[in-house]
Amino acid sequence: MQGLGKCSIPTDRGFTLVELMVVVGLIALVMTQGIPWLESTTLNSRRAAQINAFVADLNAARGLAVAGDDVTFGVHGINPCTGCEVSLCKTEDGATCSTSSSVYWENGWLLFWDADGDGVVDTVDNDRLIAVRPALTGGNTLRGNILVRHRVTYTTSGFTSNNGSLAWCDKRGFGDQARAIVIASTGRVRTAAINDASVSLVSCSP
């Protein structure tokens, strides 16, 4: 009778200290490279969304002013007067326009039928709100130079006397990642790098 041989029992090896250190080092390297990229992508996406929202409202204001009578937009119904102008103004409370030097476009803005063209929401003047926009997120800023510091008003011709530039900035400051929103007297809107030679902005608070 043959004797029984020894049983072969497999044993699992754990990581050695050196292997663990290599893995930790690789994770640290990936995190170091990946987190800045992820943050930059997030900031750029927020920049695009916020600028596009403001530009869209400027274009809507111009289009509504030109369209004139019998135009319905949003939930607030038909325009309240013949030949109404349409305005955007900065707001702090989501209901009234502000001309305070401590309130900026980043605090939110209003889009409204401006019956008397004064750039201020007055129900007694038959003005009517079209849209209320909330404050920008991420601690970002949106500030205009002198002619567009408080409001932009479009006439029925699509023109505006509030021609100027606004500076959009995030925590990356006044530089390559900041943007300018430029409004011509014809009412046309364009965006550009904030340090573009054609843009008369010198800081995030012009």
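Display the accessible surface of the whole chain to begin with: in this predicted model that surface comes to about 11,800 Å², and 58% of it belongs to carbon and sulfur atoms. If you then colour the residues by accessibility, the buried ones make up 36% of the 206 residues in the chain.

Switch next to a cartoon representation, where the secondary structure comes to 1 helix and 8 strands, and follow the elements from the N terminus, which run α-β-β-β-β-β-β-β-β. With contacts switched on, and keeping those with a separation of 6 or more, you will find that residues 24 or more positions apart account for 57% of them.

**The loop after the helix**

Select G68, which is found in the loop between α1 (17–67) and β1 (85–90). Is this glycine buried or exposed? Its relative accessibility is 13%, and because the cut-off for a buried residue is under 20%, G68 counts as buried. Add E85 to the selection and draw a line between the two C-alpha atoms: G68 and E85 are 17 residues apart along the chain, and their C-alpha atoms are separated by 8.5 Å.

**The open sheet**

Now select β3, β2, β1 and β5, which in that order make up an open sheet of 4 strands with antiparallel pairing. The edge strands are β3 (128–133) and β5 (151–154), each of which pairs on one side only. Looking along the sheet, you can compare the directions of neighbouring strands, which are turned by 15 degrees against each other on average, direction ignored.

Narrow the view to β2 (residues 109–114) and β3, an antiparallel pair joined by 5 bridges. Within this pair, pick L110 and look across to V132 in β3, which stands opposite.

**Two disulfides**

How many disulfides does a search of the whole structure find? There are 2, and they can be visited in turn.

For one of them, show C89 and C97 as sticks, where the sulfur atoms of the disulfide lie 2.0 Å apart. The torsion about this S-S bond is about -80 degrees, so the disulfide of C89 and C97 is left-handed. C89 is buried, with a relative accessible area of 1%, and C97 also counts as buried, at 18% relative accessibility.

Move on to C169 and C204, whose sulfur atoms form a disulfide at a separation of 2.1 Å. Here the torsion about the S-S bond is about -90 degrees, so this disulfide, too, is left-handed. C169 lies in strand β6 (residues 164–169), whereas C204 lies in the segment after β8 (189–193), so the pair ties together parts that are 35 residues apart in sequence. Both cysteines can be checked for burial: C169 is buried with a relative accessible area of 2%, and C204 counts as buried at 17% relative accessibility.

**R143 and its surroundings**

Keep C204 displayed and select R143, whose place is in strand β4 (residues 141–144). R143 is buried, with a relative accessible area of 17%. Which residues does R143 contact, leaving aside its neighbours within four places in sequence? They are Y104, W105, E106, S165, L166, A167, C204, S205 and P206, so that the selection takes in C204, the cysteine visited at the previous stop.

Finish by drawing the polar contacts made by the side chain of R143. One of them, of 2.7 Å, joins R143 to the side chain of E106, and another, of 2.9 Å, joins R143 to the side chain of S205.

Technical notes:
Residues numbered from 1 in each chain as written. Predicted model: local features only at pLDDT ≥ 70, side-chain atom pairs only at ≥ 80, totals over all residues. Heavy atoms only, no water. Helix = DSSP H or I, 4+ residues; strand = E, 2+ residues; numbered from the N terminus. Buried < 20%, exposed > 50% of the residue type's maximum accessible area, 1.4 Å probe, protein only. Disulfide = S-S within 2.5 Å. Polar contact = N/O pair within 3.5 Å; in protein donor to acceptor, adjacent residues only side chain to side chain. Contact = heavy atoms within 4.5 Å. Areas by Shrake-Rupley, 256 points an atom, 1.4 Å probe, with all protein chains shown as cover. Pairing = 2+ DSSP bridges. Axes fitted to C-alpha atoms, helices over the stretch in contact; angles between N-to-C directions.
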